[in-house]
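Trainee: I should be grateful for a close look at the one place where aromatic rings pair, followed by an account of the surrounding architecture. Please indicate how far the coordinates may be trusted.

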Amino acid sequence: MRGSGAFILGGGSLLQDATSRRSLLYYLTLLSLARHMALPTMLYANGLGPLSPRSLALCRRMLASADIISLRDKDSYDTVRAMNLPRTRVVLGADPVLADPPKEKATPRTPPYLALFPRGGSSRAEERVLAAAVAALAESRGLDVILAPMNVTEDSPSVHRLAEHLRRI
């Protein structure tokens with residue numbers, strides 16, 4: 001960080017303790033180090049949670065020193081706003097992956113759209129239920145369904161299975 005003009009902690013659900021508390025402590029330590037070096041700090045397009053009560057209290061203490069916090073989802077935004085961080089500007093933004101241009105030529109679509117970014121980890125039964133709900137909503141509203149993975153490696157199998165379920169309906 002030495003020689004940097006600012007510290008940006010960016011992207012994704014970095015501030016969570018569901019997978020491990022170690023990663024949460026790592027990112028909060030980086031934020032603390034940046035503040036000790038008197039660097040302006042920003043959390044960019046982050047998600048917050050899930051967090052245990054203990055980790056949530058720790059996040060509140062550490063996030064109070066950030067200059068700007070940009071959150072990528074409403075739940076994270078509401079959680080941080082509820083922390084009443086007096087000197088921190090808190091903004092609801094979007095996940096930057098949604099602004100990423102397509103890597104290959106996409107099939108032209110006619111609006112209106114229903115864009116879904118299914119995450120891996122759903123059971124087959126949950127995928128079938130989701131497909132039925134998506135098909136019903138799309139048909140009732142005249143929506144063109146677009147499916148895309150957030151993480152190509154982890155989410156593509158779910159996207160392909162959901163697309164297959166939708167083709168069968």
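**The aromatic pair and its setting**

Mentor: Tyr26 is partly exposed, with a relative accessible area of 47%. Tyr27 is also partly exposed, at 22%; that value lies just above the 20% under which a residue counts as buried. The model is a predicted one, and a search of the whole structure finds one aromatic pair. This pair is formed by Tyr26 and Tyr27: the ring centres are 5.1 Å apart and the planes meet at 70°, so the arrangement is edge-to-face.

As to confidence, the protein chain has an average pLDDT of 88, and 93% of the residues score at least 70. The highest mean, 96, belongs to helix H2 (residues 53–63), and the lowest, 87, to strand E5 (residues 113–116).

The next residue to consider is Leu28, which belongs to the largest nonpolar core, a set of 22 residues. Leu28 is among the members that touch the most others, together with Leu15, Leu43, Cys59, Leu63, Ile69 and Val80. At least two residues of this core come from each of strand E1 (7–15), helix H1 (21–36), strand E2 (41–48), H2 and strand E3 (68–71). When neighbours within four places in sequence are set aside, Leu28 is in contact with Leu15, Leu58, Cys59 and Met62. A separate second core has seven residues, including Ala131, Val134, Ala135 and Leu162.

The backbone about E2 also deserves attention. Most residues other than glycine have a negative phi, and most peptide bonds are trans. Ala38, in the loop between H1 and E2, has a positive phi, near 60°, and is exposed, with a relative accessible area of 66%. Ala45 also has a positive phi, near 55°, but this residue lies in strand E2 and counts as buried, because its relative accessibility is 1%. The peptide bond from Gly49 to Pro50 is cis, with omega near 5°, and Pro50 is found in the loop between E2 and H2.

Further along the chain, E5 runs parallel to strand E6 (residues 144–147), to which four bridges join it. Within this pairing, Leu114 stands opposite Val145 in E6. Helix H4 (residues 124–141) completes a right-handed β-α-β unit with E5 and E6.

Conventions. Residues are numbered from 1 along each chain as its sequence is written. This is a predicted model: local features need pLDDT of at least 70, side-chain atom pairs count only at pLDDT 80 or more; totals for chains, interfaces and linings use all residues. Side-chain values use heavy atoms; hydrogens and water are left out. pLDDT is the predictor's confidence in each residue, from 0 to 100. Rings of Phe, Tyr and Trp (its six-membered ring) pair if their centres lie within 6.5 Å; planes under 30 degrees apart count as stacked, over 60 as edge-to-face and the rest as tilted. Buried means under 20% relative accessible area, exposed over 50%, partly exposed in between (1.4 Å probe, protein chains only). Two strands pair if DSSP finds at least two bridges between them. A crossover is right-handed if, with the strands pointing away from the viewer, the path from the first strand over the helix to the second runs clockwise. A nonpolar core is a set of buried Ala, Val, Leu, Ile, Met, Phe, Trp, Tyr and Cys residues joined through side-chain atoms within 4.5 Å. Contact means heavy atoms within 4.5 Å.
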